[in-house]
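Work through the exercises below with the sequence and the model open. Each task is followed by a stepwise solution.

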Amino acid sequence: DWFFVTVLSLLYWLAIGKTLQPYEYGIIATAINTVVILSAFGLIGFSAAVPKLVSEFLDKKNFKKARALVAFSVRITLIVTLGISALLFFSSGTLSSLFNVPQISLQFAALLITPTAVWTLSLGVLQGYQNMRKIFVSNLVGFTIKAALAWTLIILGFSFLGPLAAWFTGL
């Protein structure tokens, strides 16, 4: 998993770095780093706690508690990240001049926060269930789509929006 994620991520960033202008690379880096930071805040610690607690509940054959924990963490993560997303989306005009990036890139980032948090939480749940095969397959498919689509959309002339759309689709 680590090897394929690393190689496919490299291909994604090579597509951006070798085909787009430096300012477009900066726009993408700003948007994606904003997404990563805000989705991490939106997880409010669940990404660290859920894998450990789920595996502990499963060891004790307490499947009902494991399922309840997953449902609770997904619900809270959705509420918090949707709130963060809405806040970023509606303040994107002000923040775009502050960050010196197009407003649409921050609006796109706002749309990416919740799926990124849910993806991270899902990987934690699968890790807690010790289902490494599903983690590998989902990462392989998602990162392959992200890398291939980024190249395709850049070639088709979508500029910095292509890699952002590829990131969203890969999730």
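**Exercise 1.** Determine the handedness of the crossing of helix 2 and helix 8, and classify their relative orientation.

*Solution.*
- Step 1. The crossing of helix 2 with helix 8 is right-handed. The model is a predicted one.
- Step 2. Take the geometry. The two helices pack at an angle of about 30°, and their axes are 9 Å apart.
- Step 3. Apply the cut-off. Angles under 35 degrees count as roughly parallel. Helix 2 and helix 8 are therefore roughly parallel to each other.
- Step 4. List the residues that meet. Helix 2 supplies I28, A31 and I32. Helix 8 supplies P163, L164 and W167.
- Step 5. Sort them by class. The contact of helix 2 with helix 8 has six nonpolar residues, no polar ones and no charged ones.

**Exercise 2.** Classify the packing of helix 5 against helix 6, then give the make-up of the contact.

*Solution.*
- Step 1. Locate the elements. Helix 5 covers residues 92-99, and helix 6 covers residues 103-128.
- Step 2. Read the geometry. The angle is about 120°, with the axes 8 Å apart.
- Step 3. Classify. The range from 65 to 115 counts as roughly perpendicular, and over 145 as roughly antiparallel. An angle of about 120° fits neither. So helix 5 is oblique to helix 6.
- Step 4. Add the handedness. The crossing of helix 5 and helix 6 is right-handed.
- Step 5. Name the contact residues. S92, G93, L95, S96 and F99 come from helix 5. Q103, L106 and Q107 come from helix 6.
- Step 6. Count by class. The contact of helix 5 with helix 6 holds three nonpolar, five polar and no charged residues.

**Exercise 3.** For K61 and Q130, state what is notable about phi, and decide whether each residue is buried or exposed.

*Solution.*
- Step 1. Recall the background. Most residues other than glycine have a negative phi.
- Step 2. Check K61. Its phi is positive, about 60°, although K61 is not a glycine.
- Step 3. Place K61. The residue sits in the loop between helix 3 (46-59) and helix 4 (63-90).
- Step 4. Check Q130. Its phi is also positive, about 60°, and Q130 is not a glycine.
- Step 5. Place Q130. This residue is in the loop between helix 6 and helix 7 (132-155).
- Step 6. Assess accessibility. Exposed means over 50% relative accessible area. K61 has 61%, so K61 is exposed. Q130 has 55%, so Q130 is exposed.

**Exercise 4.** Describe the surroundings of S39 in helix 2: burial, polar contact and neighbours.

*Solution.*
- Step 1. S39 belongs to helix 2 (residues 22-42).
- Step 2. Its relative accessibility is 3%, so S39 counts as buried.
- Step 3. The S39 side chain reaches the backbone oxygen of V36 at 3.2 Å.
- Step 4. Set aside residues up to four places away in sequence. S39 then touches I113, T116 and A117.

**Exercise 5.** Do the same for T169 in helix 8.

*Solution.*
- Step 1. T169 lies in helix 8 (residues 161-170).
- Step 2. Relative accessibility is 43%, so T169 counts as partly exposed.
- Step 3. A polar atom of the T169 side chain lies 2.9 Å from the backbone oxygen of A165.
- Step 4. Leave aside neighbours within four places in sequence. T169 is then in contact with I145 and L149.
- Step 5. Check the C-alpha separation. T169 and I145 are 24 residues apart along the chain, and their C-alpha atoms are separated by 7.2 Å.

Terms used: Residues numbered from 1 in each chain as written. Predicted model: local features only at pLDDT ≥ 70, side-chain atom pairs only at ≥ 80, totals over all residues. Heavy atoms only, no water. Axes fitted to C-alpha atoms, helices over the stretch in contact; angles between N-to-C directions. Helix = DSSP H or I, 4+ residues; strand = E, 2+ residues; numbered from the N terminus. Left-handed = near helix turned anticlockwise from the far one by under 90°. Contact = heavy atoms within 4.5 Å. Nonpolar A, V, L, I, M, F, W, Y, C, P; charged D, E, K, R; others polar. Buried < 20%, exposed > 50% of the residue type's maximum accessible area, 1.4 Å probe, protein only. Polar contact = N/O pair within 3.5 Å; in protein donor to acceptor, adjacent residues only side chain to side chain.
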